[in-house]
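Trainee: I would like to learn how to read a ligand site and a surface patch. Where do we start?

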Amino acid sequence: MKRIAIIGGGISGLSAAYALEEKRRAGVEAEYVLYEASPRFGGVLVTDRVDGCILEAGADSFLTEKPWAIDLCKKLGLGDQLIGSNDADRKTYILVRGKLVEMPDGLMFMVPTKLAPTVLSPLFSWGTKLRMAREWFHPPHRASGDETVATFVERHYGPEMVDRLADPLLSGVYGGEASQLSVRAVLPRFAEMEAKHGSLGRAMISARVAMAKNSKARARALFTSLKDGMQQMVDALVAALDGNSLTKGAAVHAIWPEAGGWVVSAGLDTDQFDAVILALPTRAAASLLQRSGPELAAELAGIDYSSSVTVALGYDQQVRDSLPPGFGFLVPRSEGKRMLAATFVHNKFPHRAPDNRAIIRCFLGGARGEQMLSLPDEEILRIVRNELDQILHLKAEALFTRVFKWRGAMAQYGVGHLERLERISKLRQKLPGLALAGNGFSGIGVPDCVRSGTAAVEELLTALGVWEGQPVPSEK
Ligand SMILES: Cc1cc2nc3c(=O)[nH]c(=O)nc-3n(C[C@H](O)[C@H](O)[C@H](O)COP(=O)(O)OP(=O)(O)OC[C@H]3O[C@@H](n4cnc5c(N)ncnc54)[C@H](O)[C@@H]3O)c2cc1C
């Protein structure tokens, strides 16, 4: 019987444990122990309930297009609990000189695919609109190396597009900055489109035409979540695992290779395994590998993380009626606010709030807002209330508020990230029986984390010679 230690009980580690449990039940001779440092499983997936409202502390949903989280939910028997975002009401605003301006129809991420709404939109100056027209004629271009998203977008649409769209969109997804993140790691499809078509606008239109032929893709919502919140996925995973294999409040403080396997030390206990999966933020993984693989540890420690603060505020029917329609708004840094974005949860996922309640979920922190983490909750709430008043003229007292802080939770894929992954992959070969999972590598979204946990298990079982299956595909 092969023994595998999984360190980290967030969605990546739980997915790894589930993949092992599935294989074990199918007759593969392997067992596992999952170590989680905190008193609960799920990592940044936490759902709270207040006054009939469902509040997400961390992730609130995942991209439907990436299938791994949906597939896992279906296997867990949660198929009928999956819900789509209310895309009929999908409007997003950008704060421009203190006013909310609707993103024009046909913008895909930041690429305009419809002429009239973009030309008529007050979101962009005439200079940027002219650049959008010229972009249409860009010849194919293969960049010689990696670059930041900011330089890439600026080359196509100019600096205003970086400030008004690319940067706010990336701070929403990665808590990061366009001037730091790698285009190849974060927007690989855009880099491919540029190489093939030159113009992103033309490339996007041909992708739209192909998609329009695919009725399934047309019909599905952009985001998927669970009726009772993301915690449902965590609870179902824990229920599906062998309780004797799960340990909470067990911070692993050392691991080392020994006798062809790995020793794991947590608290006063040490245990021997054939292999180990580190499903941790990369800095935590680095500190465990400091002695057995210092070069690998240095590469892992080189991946930056940013911190986030989410603030949920609940309001009554009157406020709900006064708020704009749509999913929420993004705040460019040039607006000088502390808030990065806000979601109108009652519109994005209507069943998350009773009809007489509104939920506004605000995001702060990110790569430039690390100091938010050290502010007391009351100060954060003061900032949020003040900015909501400035942006939405919202003066009413909230019925309830919740502040959630996540230190170093969002991986930042800087320029050269893909090359770093290659070096990590080579260095890992010197440490047989070690696999890595989590959001520090090939995608920070929940579906990517699920895939990373499953892939780590399949890689190890194959190397241990107890499984010969079809590995999880890297992209679908
Ligand atoms: C505020 C916020 C909003 C987000 N929104 C979305 C979204 O809407 N959609 C989306 O797809 N993604 C979103 N994400 C990203 C996504 O949620 C995360 O990337 C993903 O959940 C990370 O899972 P993980 O298991 O890799 O890491 P984590 O959730 O960080 O779990 C790691 C676990 O390891 C444990 N641990 C650490 N050190 C040790 C140790 N030494 N021993 C044992 N255990 C240890 C920790 O306690 C933790 O539980 C969001 C993230 C944040 C922070």
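**Reading the ligand shell**

Mentor: This is a predicted model. Start with the shell: 34 residues surround the ligand, and the closest are Ser12, Glu36, Ser61, Ile444 and Val446.

Trainee: Which elements each supply at least two residues of the shell around the ligand?

Mentor: Helix 1 (11–25), strand 21 (400–412) and helix 18 (446–463) each do so.

Trainee: How do the residues of the shell divide into nonpolar, polar and charged?

Mentor: Sort them by residue type. Here 21 are nonpolar, 11 are polar and two are charged.

Trainee: Which atom of serine 61 lies 2.6 Å from a nitrogen atom of the ligand, backbone or side-chain?

Mentor: Polar contacts are pairs of N or O atoms within 3.5 Å. For serine 61, the partner of the ligand nitrogen is a backbone N or O atom. Isoleucine 444 also uses a backbone N or O atom, placed 2.5 Å from an oxygen atom of the ligand. With aspartate 60, a polar side-chain atom lies 3.3 Å from a ligand oxygen. As for cover, the ligand on its own has 1,000 Å² of accessible area, and the protein covers 86% of that.

Trainee: Now the surface. Which residues make the nonpolar patch?

Mentor: Leu115, Val119, Leu120 and Trp126 make a patch of about 520 Å². Helix 3 (residues 115–120) gives the largest share, three residues.

Trainee: Is leucine 115 buried or exposed?

Mentor: Exposed means over 50% relative accessible area. Leucine 115, in helix 3, has 68%, so leucine 115 is exposed.

Methods: Residues are numbered from 1 along each chain as its sequence is written. This is a predicted model: local features need pLDDT of at least 70, side-chain atom pairs count only at pLDDT 80 or more; totals for chains, interfaces and linings use all residues. Side-chain values use heavy atoms; hydrogens and water are left out. Patches are made of residues with over 30% relative accessible area and no salt bridge: like charges are joined within 9 Å, nonpolar side chains (Val, Leu, Ile, Met, Phe, Trp, Tyr) within 5 Å. Accessible areas come from the Shrake-Rupley method with a 1.4 Å probe; for residues, only the protein chains shown count as cover. A salt bridge is a side-chain nitrogen of Lys or Arg within 4 Å of a carboxyl oxygen of Asp or Glu. Helices (H or I, at least four residues) and strands (E, at least two) are DSSP runs, numbered from the N terminus. Buried means under 20% relative accessible area, exposed over 50%, partly exposed in between (1.4 Å probe, protein chains only). A residue is near a molecule or strand if one of its heavy atoms lies within 4 Å of it. A polar contact is a pair of N or O atoms within 3.5 Å; within protein, one must be able to donate a hydrogen and the other to accept it, and residues adjacent in sequence count only if both atoms are side-chain atoms. Ala, Val, Leu, Ile, Met, Phe, Trp, Tyr, Cys and Pro count as nonpolar, Asp, Glu, Lys and Arg as charged, and the others, Gly among them, as polar.
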